[in-house]
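Q: Please take a close look at strand pairing in this model and at what surrounds it. A connected account would be preferred to a list.

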Amino acid sequence: MRLTLARGLGCGACGILLAACSSSGSATGLSVGGGSNAAAGSDGTQAVAGSAATAGTSAGGDGSGGVQSGSAGTTSGGTSTGTGGSIAGGAGGGSGGGAAGAPEMGIHTGCTPGTLSDSGVLQSRFDSTKVTAGGVEYFMQVNEWNTMAAQTMTYGGNFFFKMTTQEASVMTNGGPTGFPSMFIGANSKHSTANSNLPKLVSSLTSVPTTWNWNDNGTLADATNNSYNATYDVWFSTNPLGEPNASGPSGGFLMVWLHKPADAQPIGKVLYPAVTIPGVGGTWDVWIGMNGRVPCTSYVRTEDTLSLSYDLNDFIKDAVSSRTNGGTPVLQNAWYLTNIFTGFEIWRGGVNVETTSFCAIVN
């Protein structure tokens with residue numbers, strides 16, 4: 001079911017459908033039992049407790065651009081161990097995290113993030129702002145739709161946004177506290193300029209994107225921290241999209257760079273440990289229904305703090321190879337409308353940050 005707050009932004013997409021929406025944001029994928037995604041004011045999604053253990057946890061921060069490699073290894077620039085592997089790169093180390101290493105590159109590389117030209121603090125549950133980086137406009141939001149506890153996002157300087165206050169905590173068998181995030185596109189009466197969205201899926205030539213984030217030591221403490229790091233991508237059946245709605249009419253696609261041990265996406269793993277042509281790593285593909293629309297979540301089997309790739313590689317894979325009971329989860333006749341990145345937080349997450357991000361639709 002979907003709960004809607006009086007002020008509803010968008011929500012999380014492929015997590016649990018127990019979230020609400022705020023008036024200033026946009027809906028995104030949801031997580032189940034332990035990982036749900038709510039974007040822009042949000043449609044929280046369901047998260048299921050239990051599921052696979054978190055891959056690769058970091059102690060002391062790995063450097064926001066650390067490149068992931070190997071399994072159960074260690075990190076140079078902070079130590080990292082975990083059942084799913086470790087993050088290499090991120091020179092430096094120390095309890096505060098090292099300097100950023102080189103981003104992990106897909107065969108089809110992403111864009112180059114610009115420098116955030118704005119700075120400030122977002123303090124209320126649905127506080128939001130538009131920011132510019134590298135000439136691209138993004139919508140940034142606290143998007144706390146499932147609790148009333150204090151959350152503060154600071155943005156600007158050497159990071160795009162950081163959770164500087166996060167006092168909320170909810171059970172991981174339901175929606176997250178919210179989805180602090182940023183996006184390009186239009187939803188919940190918020191839009192970004194010159195995003196080239198909506199765009200027909202069959203007409204996409206490339207969607208280069210790069211996201212660097214830093215856990216700042218939180219992944220080493222799963223007791224006090226549970227959150228994912230995810231893309232939330234929306235698709236509409238309407239050529240105009242849903243610029244005033246808090247959810248898409250077509251479906252959701254999520255790309256999880258980190259999954260907490262006690263949370264998971266909506267649905268179940270229908271395609272384990274797949275490789276995506278053009279993108280590094282292996283991915284478990286979770287598929288389920290978020291209300292009336294499908295939610296397809298590609299969950300990295302080993303954590304990574306940085307990925308530079310062509311999002312269209314995931315879109316093409318979903319169109320050509322992924323079904324739910326024989327029904328395609330994404331169609332060429334749909335329209336790409338929104339691209340979010342952020343953190344669905346169940347507890348903790350203080351100082352988790354997006355160090356840089358870009359997305360371009362061609």
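A: Two strands are taken to pair if DSSP finds at least two bridges between them. By that criterion, strand 7 (residues 128-133) and strand 8 (residues 136-141) pair, being joined by six bridges and running antiparallel. Ala 133 has Val 136 of strand 8 as its bridge partner. Two residues separate the strands of this hairpin, and Gly 134 adopts a positive phi near 60° there.

The model is predicted, and its confidence should be considered before the wider arrangement is described. The mean pLDDT of the protein chain is 79, with 72% of the residues scoring at least 70. Two stretches stay under a pLDDT of 50. For residues 1-11, the model nevertheless has 78 contacts beyond four places in sequence; for residues 33-100, there are 368 such contacts.

A further instance of strand pairing is an open sheet of six strands, in the order 6-9-10-27-14-22, with antiparallel pairing. Strand 6 and strand 22 (306-310) form its edges, each pairing on one side only. On average, neighbouring strands of the sheet are turned by 20° against each other, with direction ignored. At one edge, three bridges connect strand 6 to strand 9 (residues 151-156) in the antiparallel sense, and Leu 122 stands opposite Met 153 of strand 9.

Towards the other edge, helix 1 lies across strand 14 (208-214) and strand 22, and runs at about 65° to strand 22. At the start of this helix, a side-chain oxygen of Asp 310 comes within 2.9 Å of the backbone nitrogen of Asn 312. The buried residues of helix 1 (residues 311-321) are Leu 311, Asn 312, Asp 313, Phe 314, Ile 315, Asp 317 and Ala 318.

Asp 313, in helix 1, merits separate attention. Its relative accessibility is 5%, and it therefore counts as buried. Beyond its neighbours within four places in sequence, Asp 313 contacts His 108, Ile 276, Pro 277, Gly 278 and Val 279. Gly 278 also features in a long-range approach to Met 105: 173 residues apart along the chain, the two have C-alpha atoms separated by 9.4 Å. Met 105 belongs to the loop between strand 5 (86-88) and strand 6 (120-122). With a relative accessible area of 47%, Met 105 is partly exposed, because the range from 20% to 50% defines that class.

Nonpolar packing provides the remaining context. In soluble globular proteins, nonpolar side chains tend to be buried together. Here the largest nonpolar core contains 57 residues, and the residues with the most contacts inside it are Trp 213, Leu 253, Trp 283, Phe 314 and Ile 339. Another core, of 14 residues, lies apart from it and includes Phe 139, Phe 252, Val 293 and Phe 340. Phe 314 thus links two parts of this account, since it is a buried residue of helix 1 and is listed among the most connected residues of the largest core.

Ile 339 leads in turn to Leu 197, since their C-alpha atoms are 9.7 Å apart although 142 residues separate them in sequence. Leu 197 is situated in the loop between strand 12 (190-191) and strand 13 (199-200). Its relative accessibility of 17% means that Leu 197 counts as buried. Not counting residues up to four places away in sequence, Leu 197 touches Ile 184, Gly 185, Leu 336, Thr 337, Asn 338 and Val 361.

Methods: Residues are numbered from 1 along each chain as its sequence is written. This is a predicted model: local features need pLDDT of at least 70, side-chain atom pairs count only at pLDDT 80 or more; totals for chains, interfaces and linings use all residues. Side-chain values use heavy atoms; hydrogens and water are left out. pLDDT is the predictor's confidence in each residue, from 0 to 100. Contact means heavy atoms within 4.5 Å. Helices (H or I, at least four residues) and strands (E, at least two) are DSSP runs, numbered from the N terminus. Buried means under 20% relative accessible area, exposed over 50%, partly exposed in between (1.4 Å probe, protein chains only). A polar contact is a pair of N or O atoms within 3.5 Å; within protein, one must be able to donate a hydrogen and the other to accept it, and residues adjacent in sequence count only if both atoms are side-chain atoms. Axes are lines fitted to C-alpha atoms, for helices over the stretch in contact, and angles run from 0 to 180 degrees between N-to-C directions. A nonpolar core is a set of buried Ala, Val, Leu, Ile, Met, Phe, Trp, Tyr and Cys residues joined through side-chain atoms within 4.5 Å.
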